[in-house]
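Got your viewer open and ready? Let's take a short walk through a model, one selection after another.

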Amino acid sequence: MTSSLLTPIMVPAPPQRCWGHNLSRRRRLQQGGLRTGDRALDFMLPDVEGRQVSLGETYRSGQNVLLVFLRHLG
Amino acid sequence: MCQYQDELKRLNAKVLIVSFGSVALARRWIAETCSPFIMLLDRERAVYRAYGLRSSWVRSWNFRTLWFYVRMVLSGRRLRGVQGDPNQLGGDFIVDTQGILRLSYPSREATDRPRVADLLNVLRQLRSQSP
């Protein structure tokens with residue numbers, strides 16, 4: 001992972017308000033987003049060698065997991 | 001992140017990189033970046049969507065992103081070109097040993113990522129809390 005993709009500022013987006021409604025929560029639900037404190041969605045994906053790797057098995061083995069979703073392989 | 005391998009081991013952290021590229025592109029990327037981490041392939045982007053990571057042309061190609069690439073080129077770094085969907089946004093998540101998200105950071109735009117120091121701080125806190 002290239003550290004140059006990491007920006008120096010991590011500021012949570014302020015909730016947006018429009019016509020008196022809390023759009024941030026509604027948008028989050030629409031987008032299916034997960035927040036800190038939620039249970040992570042378990043999945044199983046192959047690695048480049050074709051071996052299946054399970055998120056659940058990884059963290060249940062006693063390791064904390066850092067998931068890094070890439071944009072594209074450029 | 002590669003330079004923090006030893007610390008990640010000490011923190012009992014496993015790094016899983018998720019990509020939607022092909023096996024060939026993934027292998028080439030790993031070889032070019034010398035990444036020591038496991039790369040998983042989500043070709044259909046089902047896991048991307050499940051984690052709330054969307055594809056957005058507007059968020060991927062704004063001025064800040066273009067300026068980021070200009071700075072990369074000016075600093076002498078080589079651009080590898082776009083492989084796959086250039087509009088797909090990424091994100092970073094930390095899952096503890098109970099399966100709870102301790103950090104959820106879906107990128108709001110292409111260059112939006114948490115600082116490495118912040119990621120390590122969360123992992124250090126988790127390590128200090130573990131028995």
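Here is the route: a chain overview, then a sheet, then its strands, and finally a loop.

Before you click, know that this is a predicted model: local features need pLDDT of at least 70, side-chain atom pairs count only at pLDDT 80 or more, and totals for chains, interfaces and linings use all residues. Residues are numbered from 1 along each chain as its sequence is written, while chains are lettered from A and ligands numbered from 1 in the order in which they are written.

**Stop 1: chain B.** Select chain B and colour it by secondary structure. You should find six helices and four strands (DSSP runs numbered from the N terminus: helices are H or I with at least four residues, strands are E with at least two). Following the sequence, the pattern reads α-β-α-β-α-α-α-β-β-α. Along the principal axes, the C-alpha atoms of chain B fill a box of roughly 45 × 30 × 30 Å. Of the 131 residues in chain B, 35% are buried. Here, buried means 20 or more other C-beta atoms within 10 Å of a residue's own, exposed means 12 or fewer, and partly exposed is in between, with C-beta atoms placed from the backbone.

**Stop 2: the sheet.** Now show both chains. Five strands make an open sheet with mixed pairing, in the order E2(B)-E1(B)-E5(A)-E3(B)-E4(B). Its edge strands are E2 (38-41) and E4 of chain B, each pairing on one side only. Two strands count as paired if DSSP finds at least two bridges between them.

**Stop 3: E3 of chain B.** Select residues 91-95 of chain B. Is this strand buried or exposed? Five of its five residues are buried, so E3(B) is largely enclosed by the rest of the structure. In a regular strand, side chains alternate between the two faces of the sheet. Look for B:Gly91, B:Phe93 and B:Val95 on one side, and B:Asp92 and B:Ile94 on the other.

**Stop 4: the neighbour from chain A.** Add residues 64-69 of chain A, which are strand E5. Five bridges join this strand to E3(B), and the two run antiparallel. Check two pairs: A:Val68 stands opposite B:Asp92, and A:Val65 stands opposite B:Val95.

**Stop 5: the neighbour from chain B.** Next pick residues 101-106 of chain B, strand E4. This strand is also antiparallel to E3(B), with five bridges joining them. B:Asp92 faces B:Tyr105 here, and B:Val95 faces B:Leu101. E3(B) and E4(B) form a hairpin with five residues between them, and B:Gly99 in the turn has a positive phi of about 85°. Six of the six residues of E4(B) are buried, so E4(B) is largely enclosed too.

**Stop 6: a loop residue.** Finally, select B:Arg54, in the loop between helix H3 (46-50) and helix H4 (57-60) of chain B. B:Arg54 is partly exposed because 17 other C-beta atoms lie within 10 Å. Now add B:Asn87: the two are 33 residues apart in sequence and 8.4 Å apart in space, C-alpha to C-alpha.
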